[in-house]
Structure formats: C-alpha cells, structure tokens
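Visitor: I would like a close look at one part of this model, namely a pair of neighbouring strands and what surrounds it. Please keep to the residues and the numbers.

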Amino acid sequence: QANFFKIGLFVIGATITLIFLLVLLGAGRLFQPKIIMETYFNESVQGLELGSKLKYRGVIVGEAKTIGFTYTRYQQDIPMSERLRYVMVEATIIPRLIGGRAGAGDLTRSDTAKAEIDKGLRVRLAPQGITGTSYLEIDYVDPKTNPQLPISWEPANLYIPGAQSTVTQFVQAASDIVERLRKVDIDG
C-alpha cells in the first residue's frame, strides 16, 4: 500500500533540491566580475543587437549591453547641431577571459589598454555569416590607416576605439574601383 504523504514529500524535496542546484550552478555567471567597455563608430551598426557577442581575436569575452549615440551622454552642454553623432556601443567584458590579471597586456585596465591602443587595438563590427547579424570584434589593425575618432570628452568607462567594419571597407573599395572605371577612357 503506497504512502502518498511520503511520496509527496519526496517529490517536493527532489524539486527543491533540483531548483537549488540550478540556482547554485547559474549563480556563478551572475557574480562574475564584469567591466564595461565603450567604443564609438562613425558608421551604421546595422545588424548589431543587444546581446551580440564581443570577441577578442575570435574568442567570446563579453556581449553588447547598450547601443545608442554619444550625444545622449556626452556634449550635453553644447548645442545639438554641434554635437558629434557617433554611435556608442557599451559592452561587458569578463576580465578573466581577456587576461584580466595585473600586469602587462591587461586590456581591462585603462593604463595598459592605452599602450595596446597605440599598437592598433580596435573594436570593429564584423558580419556573422550571411544572416545580416553582426558581432563586435576586438583585434589589432594598422593604427595609421585606422586612426582614433576625435572626441572632446573623457569616456566614462574603459575606452577602446572603433575601426571601420570590414563591410564598410569593402563597399568603399568597390566604390573607388567604380569611380576609377568611370574615369578610364575606354574608347581611347
């Protein structure tokens, strides 16, 4: 003869234990230290969405948290017509995934990140396949061909400059080729 009271207690106890284990395992992600990084683009960020991945040389190290304009946070004291219209993207970085230990090469500290920025560290928008979605990619580029955007404020968070996306570079190169073809004297 089944004792329904004991079976009920067992089911309730097992459910509570399972929920406790799920919360305990998931809580590690909630309590990981995170750093906010911001970057600016002077181009469309079409395809980038909240939650899009942030990768450092192909390794996921964070995700996009806010996408907006710089003039909504900075340059509030000047007229709207004179404000810069950069797109500002804030992303969270998990320091342990990007080398967040004290020492050289730590990209999560402003002083050491500055040296890496001088070497060409930039954030750019990268397409994710043919779906039209994009992600943020932190990588090294030629600092001479990818200069920092001029800003007149001190960023509130860790700042890594943006670089032109590969799609924009491709479109500009194609436009240059078409323009050169227009100037060619084919009849001659």
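Visitor: Which residue stands opposite Ser134 in S6? Please start there and work outwards.

Guide: Pro127 is the residue opposite Ser134 in S6. The model is predicted, so local features need pLDDT of at least 70 and side-chain atom pairs count only at pLDDT 80 or more, while totals for chains, interfaces and linings use all residues. Residues are numbered from 1 along each chain as its sequence is written, and side-chain values use heavy atoms, with hydrogens and water left out.

Strand S5 covers residues 121-127, and strand S6 covers residues 134-140. Helices (H or I, at least four residues) and strands (E, at least two) are DSSP runs, numbered from the N terminus. S5 and S6 run antiparallel and are joined by seven bridges; two strands pair if DSSP finds at least two bridges between them. Besides Pro127 and Ser134, Ala126 has Tyr135 in S6 as its bridge partner. The two strands form a hairpin with six residues between them, and there Gly129 has a positive phi near 70 degrees.

Both strands are well covered. In S5, six of the seven residues are buried (under 20% relative accessible area; exposed is over 50% and partly exposed in between, with a 1.4 Å probe and protein chains only). In S6, six of the seven residues are buried too, so this strand is largely enclosed by the rest of the structure. For the chain, with its 188 residues, the buried share is 35%.

S6 also has a parallel partner, strand S2, to which it is joined by three bridges. Lys55 stands opposite Glu137 in S6. Tyr56 is found in S2, and it counts as buried because its relative accessibility is 18%. Its C-alpha atom lies 8.9 Å from that of Val123, although the two residues are 67 apart along the chain.

Val123 leads to the interior. Together with Met37, Phe41, Leu54, Val89, Leu136 and Ile138, Val123 has the most contacts inside the largest nonpolar core, which has 22 residues. Such a core is a set of buried Ala, Val, Leu, Ile, Met, Phe, Trp, Tyr and Cys residues joined through side-chain atoms within 4.5 Å. Two or more residues of this core come from each of S1 (35-41), S2 (53-56), S3 (59-69), S4 (87-93), helix H3 (110-118), S5 and S6. The most, four residues, come from S4.

Phe41 shows how these pieces meet. Leaving out residues up to four places away in sequence, Phe41 touches Val123, Arg124, Leu125 and Leu136, and also Tyr86, Val87, Val89, Leu149, Gly162 and Ala163; here a contact means heavy atoms within 4.5 Å. Leu149 belongs to a second, separate core of seven residues, which also includes Tyr74, Met88 and Tyr159. Contacts over long stretches of sequence are counted for the chain too: among those with a separation of 6 or more, residues 24 or more positions apart account for 63%.

Charged side chains come next. A search of the whole structure finds eight salt bridges, each a side-chain nitrogen of Lys or Arg within 4 Å of a carboxyl oxygen of Asp or Glu. One of them is between Glu38 and Arg73, with the closest N and O atoms 3.9 Å apart. Glu38 lies in strand S1 and Arg73 in the loop between S3 and S4, so the pair ties together parts that are 35 residues apart in sequence. Arg73 also forms a salt bridge with Glu90, where the closest N and O atoms are 2.5 Å apart. This pair again links distant parts of the chain, as Glu90 sits in strand S4, 17 residues from Arg73. Glu38, Arg73 and Glu90 are thus named as one network of salt bridges. Glu38 is buried, at 0% relative accessible area, and Glu90 is buried at 8%, whereas Arg73 is partly exposed at 38%.

Another salt bridge joins the side chains of Glu63 and Lys65, at 2.8 Å from N to O. Glu63 counts as partly exposed, at 22% relative accessibility, and Lys65 is partly exposed at 39%.

As for the wider frame, the chain has four helices and seven strands, in the order α-β-β-β-β-α-α-β-β-β-α along the sequence.
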